[in-house]
Structures are given as C-alpha cells and as structure tokens.
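Let's walk through this one together, from the contacts with DNA to the packing of aromatic rings. Keep the viewer open as you read.

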Number of protein chains: 2
Amino acid sequence: MPYYQGVVRRVYGQYCGFARALELVGERWALMVVRDLMAGGPKRFRDLLRGLPGIPTNILAARLKEMQAAGIVRRRRLSRPNVVVYELTETGAALEASVMELGRWGAKLLGAPRRNEIITVDSLITALRSTFQPKAAKGVTIAYELSVGDITLHARIVRGRITVKPGPLPDADLSIQTGPAIRELLAGEVAPRDAVAKGLVAIRGNRKLLDLFAALFKI
Amino acid sequence: MPYYQGVVRRVYGQYCGFARALELVGERWALMVVRDLMAGGPKRFRDLLRGLPGIPTNILAARLKEMQAAGIVRRRRLSRPNVVVYELTETGAALEASVMELGRWGAKLLGAPRRNEIITVDSLITALRSTFQPKAAKGVTIAYELSVGDITLHARIVRGRITVKPGPLPDADLSIQTGPAIRELLAGEVAPRDAVAKGLVAIRGNRKLLDLFAALFKI
DNA sequence: CCGGATCCTCGGTGATACTG
DNA sequence: CAGTATCACCGAGGATCCGG
C-alpha cells in the first residue's frame, strides 16, 4: 500500500509514471508552491501566501499537507527565531527540471501582461534560471543586478554556472532596471540597444554587458 | 450554451511563464490528453476516452475545446474515412520535454501498481521514451518488441535515435513479454537474468539483448 | 503578528443519460 | 460515434476566527 494512500483522492487509474506525477503535484496551486520553495528556499506560511496572490489559506495548508505526505515538502520548526518553515525534500527538489521546462514552454506563450497580473521575486528567479543559456555562458563570470518594477534580484554567473537570488547586489557588474518589458528583452523582440533608447530598460554600468545579458538569457 | 466555454477562467494572477503554462495545461486531465496525443499521434474522441479510463465525456470535450482555443490541439476532419481527429499543434508538441521530464520524476515514485490501475499503450510509449538513455544508445541500432500484459508496442533504435510505436513487430531482434514487473526491470531492481529466471519476464531472442534493453531504458 | 481552522458559496468535476 | 445535457457532489475561493 503506497505511503500516500488516503491523501491523494483524485487519481488517474493508470500504472504510469507520468500519471503518478500528476496525482502528486498536478492539483491546482501545487506546482506554484513548489516553484516558490525552489526559487527562494525555505519559506514561512505567510511568505508563501504573499508570493501566491489569491491562494486561500485553507488551500495552501491543504497542499502543504498533501505534499508533506507525499514526501515532497518538509515542515520544519526553527528554534531561533521560533518559526515554522516549509522546504522541499530531495524528491521535491528533483522537480526542478520539470518546473524549468514548463516555465520555458509557458514563457513563449506569455505575451503582454494581463491587467492585475503581478510579478513576484520567485517567478523572476525561476524565469532567469529557466531562460539561462549554458552554452552562451561557457567560461563566463559576471554578476547582474536586476530590478523589475519594485522587485530586485541578482544573478551570479561563475565560470558558466549560475545562481540567482532575491535582493540587491550593489557591486554587480551591471545593474538593470526595467518592467514587464523584461519579456521582450529576453524574447529578443527588442534589441538591448533599442530597449535602452526607448526607455524600456535603464542600466548602470557598461552597455555591452546588457548585450551579454540578452545572450545569456533567452526565451 | 455559454459562449465563454473554452476560455481559461482559472488564472494565477502572475505575469510568469510558469504560471501561464499551468493556466493552459494545468487543469485536471489536460496533460494526460496531451500525453496520449503525443505518444500515439492523431486520435479520435473515442480513442482518447479508451486511453483515459474514468474521464467523463464532457470533461474530455471541455479540455479539447480549451486546448484548441489555446492553440495546443487542432481538430481536423479527415475526408476518407470521414472522421474527426485531434492532434497536437506545434505548440502542443513542444510540451514533449515537460511531459518526459515529469514522467521520469513520477516513475521514480511509482512503486507497485494499485488495485484497478491499468496500463495503456500510450503510457508505455511515454514510459519507454522518457526512460531512454541516449548516451547508452550511442551508435546502437536494434528493434525491440515489448508486450506488457495484453498491450504490445515496439521500439526501433537506429544509430542511437529512437522511435516507439504501438503494435507488434514480428521481425524485432528481441521480443519481450512481461507485466507490471516492467517497472522493476527499468528501475534496475531486478537484473535481467533474474527477471527471466523468476518468470517475471519472458523473451524470444538472444538474452544478451535483454541486458542491452535494461541499459537503454532506465528509471 | 503568525499559522492555520472553520464556515459558506460557487463552479468545476464526475457519472450518466441522451441526441444528431 | 461524437459529443451535449443534467445533476449531485466536492474542492476552490473568500471571509472570518482563534490559539500561540
């Protein structure tokens, strides 16, 4: 008898890895929670709520319980400060390739922002990581600070390997300020030079590093 | 009939490629339909129903409409025979990497079959394709016929490139008959030799080709 | 404040019957 | 065969409440 019996109610009735994956993380909001835990590390209940506008508290609690039972998420109580955090288990972290791949697929269909759509740190972290082009980054070492609206994050690339984290990075090689136009830039719909000329993107640093940025991250 | 049927109403409120992906294919059954269209090519409504045990007809109809509206699925009327088939558009086919990756993730958690769980051709095709090891297949050319229960399919590998199709292949290099134990074999939980010895797997052909099979496909 | 639990409403899902 | 129609039910969404 599977360990998650009794937790998952919606099943697909197929003995199939793909079907099992959907049973475990296919419910509404589940993969969004995984994405945020993946992008920003351990998070408190309240932080997850903030990053997922519109999710009801009972649904978040339910998803967290289900994913704990499935061994995807771990609930941990920190001693100092005395708070509860949720984090991905190794099994949960193994969803990374799937999340990145789905993110790439969706990014191509993104189009212009709808009304009331917001941008969160974790979604941006995921976006940068999923659009990162390892081939173009061979041997590259550089640090970018990126601000989209009032969200700031930074990416460090060290010899072709990338890490993306929330927050500013004052000593970045290039600091980029932009808005939803970040999509056009990553999609190559506007050249970096034009983006700056049109005021879609503002930078602090060498503009050639913006060209590199557009080569390193591509939808 | 409400005219808005087919429009996505459950949104996530984030300007994010990953969120958009879930809005388009995150609803229940949607990716299962994609999987079957991906594995078996254009399909009739009835064929989709057969491959997805338990899906209500109205839900299948709704998903197909939604995915047509999203440009993921195309409805086409064949002239001879005069039937309607559904197929993936290029956008839909681009979900392949995501489906394979999720399938790999889920396969690791599959465990033993639950009661009443069935095995379908399309799930097996997906399983073989997602567990295929290109590195192990470098330069390999071989044809396998695989029967799991009463489902038969075949895989052709030509110079390391694989195609998997439903149905028998009488002139295959090796013909394999097995059951749910296929998972243990692909997971390496039982050695090919032992699988045959224990009667979990029966073969027609050279047993060394079964060793190769276990090397070519791995969970 | 935080981490939920509870209650209520609404709409989607699932099951089935039905029609062109 | 290819869906549509109907309806019971349950999970999502939204608000509020409560113990720590």
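A polar contact here is a pair of N or O atoms within 3.5 Å; within protein, one must be able to donate a hydrogen and the other to accept it, and residues adjacent in sequence count only if both atoms are side-chain atoms. What you have is a predicted model, where local features need pLDDT of at least 70 and side-chain atom pairs count only at pLDDT 80 or more, while totals for chains, interfaces and linings use all residues. Residues are numbered from 1 along each chain as its sequence is written, chains are lettered from A and ligands numbered from 1 in the order in which they are written, and side-chain values use heavy atoms, with hydrogens and water left out.

Start with DNA strand C. A phosphate oxygen of that strand is 3.1 Å from a side-chain N or O atom of A:Lys65, and another contact puts a backbone N or O atom of A:Val84 at 3.5 Å from a phosphate oxygen. The bases get a contact too: a polar side-chain atom of A:Thr57 lies 2.8 Å from a base nitrogen of DNA strand C. In total, 22 residues surround this strand (near means that one of a residue's heavy atoms lies within 4 Å of it). The closest include A:Arg44 and A:Tyr86, but also B:Arg28 and B:Arg63. Of the strand C atoms within 4 Å of the protein, 72% belong to sugar or phosphate.

Now flip over to DNA strand D, which also has 22 residues around it, with A:Arg28, A:Trp29 and B:Arg44 among those that come nearest. Sugar and phosphate make up 73% of the strand D atoms that come within 4 Å of the protein. On the base side, a side-chain N or O atom of B:Thr57 is 2.6 Å from a base oxygen, and a polar side-chain atom of B:Asn58 lies 3.4 Å from a base oxygen. On the phosphate side, a side-chain N or O atom of B:Arg75 is 2.6 Å from a phosphate oxygen of DNA strand D.

How are the two protein chains related? A rotation of 180° with 0.0 Å of shift along its axis superposes chain B on chain A, at an RMSD of 0.0 Å (least squares on the C-alpha atoms of residues with pLDDT of at least 70 in both). The two copies are thus related as by a two-fold rotation axis. In chain B, the C-alpha nearest that axis belongs to B:Ser98, 2.8 Å away from it.

Next, the aromatics. Rings of Phe, Tyr and Trp (its six-membered ring) pair if their centres lie within 6.5 Å; planes under 30 degrees apart count as stacked, over 60 as edge-to-face and the rest as tilted. That gives 8 aromatic pairs over all chains. A:Tyr12 and B:Trp29 have ring centres 4.7 Å apart and planes at 85°, so they are edge-to-face. This pair crosses between chains. A:Tyr12 is buried at 5% relative accessible area (buried means under 20%, exposed over 50%, partly exposed in between, with a 1.4 Å probe and protein chains only). B:Trp29 is buried as well, at 6%. Within chain A, the rings of A:Phe213 and A:Phe217 sit with centres 4.9 Å apart and planes at 45°, so that pair is tilted. Ring pairs link both of them with A:Phe132 and A:Tyr144 into a cluster.

Notes
Helices (H or I, at least four residues) and strands (E, at least two) are DSSP runs, numbered from the N terminus.
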